[in-house]
Amino acid sequence: MPVVPPKPPANGHTADPIAPQDPALLRRLLRAKDRMDAASHEAWPVQRLAEVSGVSDAHFARSFRQAFGIPPHRYLLTRRIEQATTLLRDTDLPITEIAFATGWESLGTFGRTFRDITGQSPSAVRLQAQAQARLEPLDKVPACVLKAAQRPDLTTAVSEKRRRQPAGTNPSSTTKEI
């Protein structure tokens, strides 16, 4: 019986397995990731990140996603939400100041995105952290473990989370899970 090759996905792209990347390219991608970590409050469009890495915009976006598992924009959102959560938990700064300090240009966008990613509003996270601080001191748990446990999960885009159907309903024929 002849072997039939698999059909390409509906989006027209071929599904290539993840190929190992060049170590020099990975170092350049890490350089861009480190810059985002150091200044996540700044705007980091793909063009700026590609310049830091010394590659084209499209190549950077593809390579970053392949190397780290998420697109650069989602990585930046993760860092900003992590920092905002830390500031909400550890400081008494107003939420507006936290939003602007972590790189958001609009309080509304910050609040909506924060709620979409964490499932709670910034003020609810602050109240929960204050209540938890009164109950259990976490001074014996290493900070890296706490950060990893509190890191938001951005394996799906925020806009995809908003489009999710309530339980018990059938998805529309135009909705496609990525």
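**Helix 2 against helix 3**

Start by selecting V46, Q47, L49, A50 and S53 in helix 2, then D57, F60 and A61 in helix 3; these two groups meet. What you have on screen is a predicted model. Now show both helices whole: helix 2 covers residues 46-53, and helix 3 covers residues 57-68. Their axes lie 8 Å apart. The packing angle is about 85°. An angle of 65 to 115 degrees counts as roughly perpendicular, and helix 2 and helix 3 are therefore roughly perpendicular to each other.

**Helix 1 against helix 3**

Keep helix 3 and add helix 1, residues 23-38. The two axes come within 10 Å and cross at roughly 90°. Helix 1 and helix 3 are therefore roughly perpendicular too. On the helix 1 side, select L25, L26, L29, L30, A32, K33 and M36. On the helix 3 side, select H59, F60, S63, F64, A67 and F68. F60 deserves a second look: F60 is part of the contact with helix 1, and F60 also meets helix 2.

**Step back to the whole chain**

Show everything. The chain has nine helices and zero strands. Walk from the N terminus and each element in turn is α. Now colour by burial. Of the 178 residues, 30% count as buried. The accessible surface comes to about 12000 Å². Carbon and sulfur atoms own 57% of that surface. How much of the contact in the chain joins residues 24 or more positions apart? Among contacts with a separation of 6 or more, such pairs account for 59%.

**Helix 6, end to end**

Select residues 107-118, which form helix 6. Check its length first. Twelve residues at 1.5 Å a residue should span 16 Å, because the expected span uses one less than the number of residues. The end C-alpha atoms are 16 Å apart, which agrees.

Go to the start of the helix. A side-chain oxygen of S106 reaches to within 3.2 Å of the backbone nitrogen of G108. Then jump to the other end. Just after helix 6, G119 takes a positive phi of about 85°.

Which residues of helix 6 are buried? Pick F110, G111, T113, F114 and I117. Residues three or four places apart on an α-helix point the same way, because there are 3.6 residues a turn.

**F114 and its neighbours**

Centre on F114 in helix 6. Is F114 buried or exposed? Buried means under 20% relative accessible area, and F114 has 0%, so F114 is buried. Now show what F114 touches, leaving out residues up to four places away in sequence. The list is I81, A84, T85, L88, G119, Q120, S121, P122 and V125. G119, which follows helix 6 with its positive phi, is among these neighbours. Add T78 for a distance check: the C-alpha atoms of F114 and T78 are separated by 9.9 Å, with their positions 36 residues apart along the chain.

**T85, in helix 4**

Move to T85. T85 sits in helix 4, residues 72-90. Its relative accessibility is 13%, so T85 counts as buried. Beyond neighbours within four places in sequence, T85 is in contact with F114 and V125. F114 in turn touches both T85 and V125.

**Q128, in helix 7**

Select residues 122-135 for helix 7, and pick Q128 within it. At 41% relative accessibility, Q128 counts as partly exposed. Its side chain makes a polar contact of 2.9 Å with the side chain of Q120. Q120 is also one of the residues F114 touches. Next, add R89. Q128 and R89 are 39 residues apart in sequence, yet 8.6 Å apart in space, C-alpha to C-alpha.

**T96, in helix 5**

Select residues 95-101 to see helix 5, which holds T96. T96 is partly exposed, with a relative accessible area of 33%. Draw a distance to F110: the C-alpha atoms are separated by 9.0 Å, and the residues are 14 apart along the chain. F110 is one of the buried residues of helix 6.

**Last stop: A148**

Finish in helix 8, residues 143-150, at A148. A148 has 45% relative accessibility and counts as partly exposed. Add E82 to the view. A148 and E82 are 66 residues apart in sequence and 9.6 Å apart in space, C-alpha to C-alpha.

Terms used: Residues are numbered from 1 along each chain as its sequence is written. This is a predicted model: local features need pLDDT of at least 70, side-chain atom pairs count only at pLDDT 80 or more; totals for chains, interfaces and linings use all residues. Side-chain values use heavy atoms; hydrogens and water are left out. Helices (H or I, at least four residues) and strands (E, at least two) are DSSP runs, numbered from the N terminus. Buried means under 20% relative accessible area, exposed over 50%, partly exposed in between (1.4 Å probe, protein chains only). A polar contact is a pair of N or O atoms within 3.5 Å; within protein, one must be able to donate a hydrogen and the other to accept it, and residues adjacent in sequence count only if both atoms are side-chain atoms. Contact means heavy atoms within 4.5 Å. Accessible areas come from the Shrake-Rupley method with a 1.4 Å probe; for residues, only the protein chains shown count as cover. Axes are lines fitted to C-alpha atoms, for helices over the stretch in contact, and angles run from 0 to 180 degrees between N-to-C directions. Angles under 35 degrees count as roughly parallel, over 145 as roughly antiparallel, 65 to 115 as roughly perpendicular and the rest as oblique.
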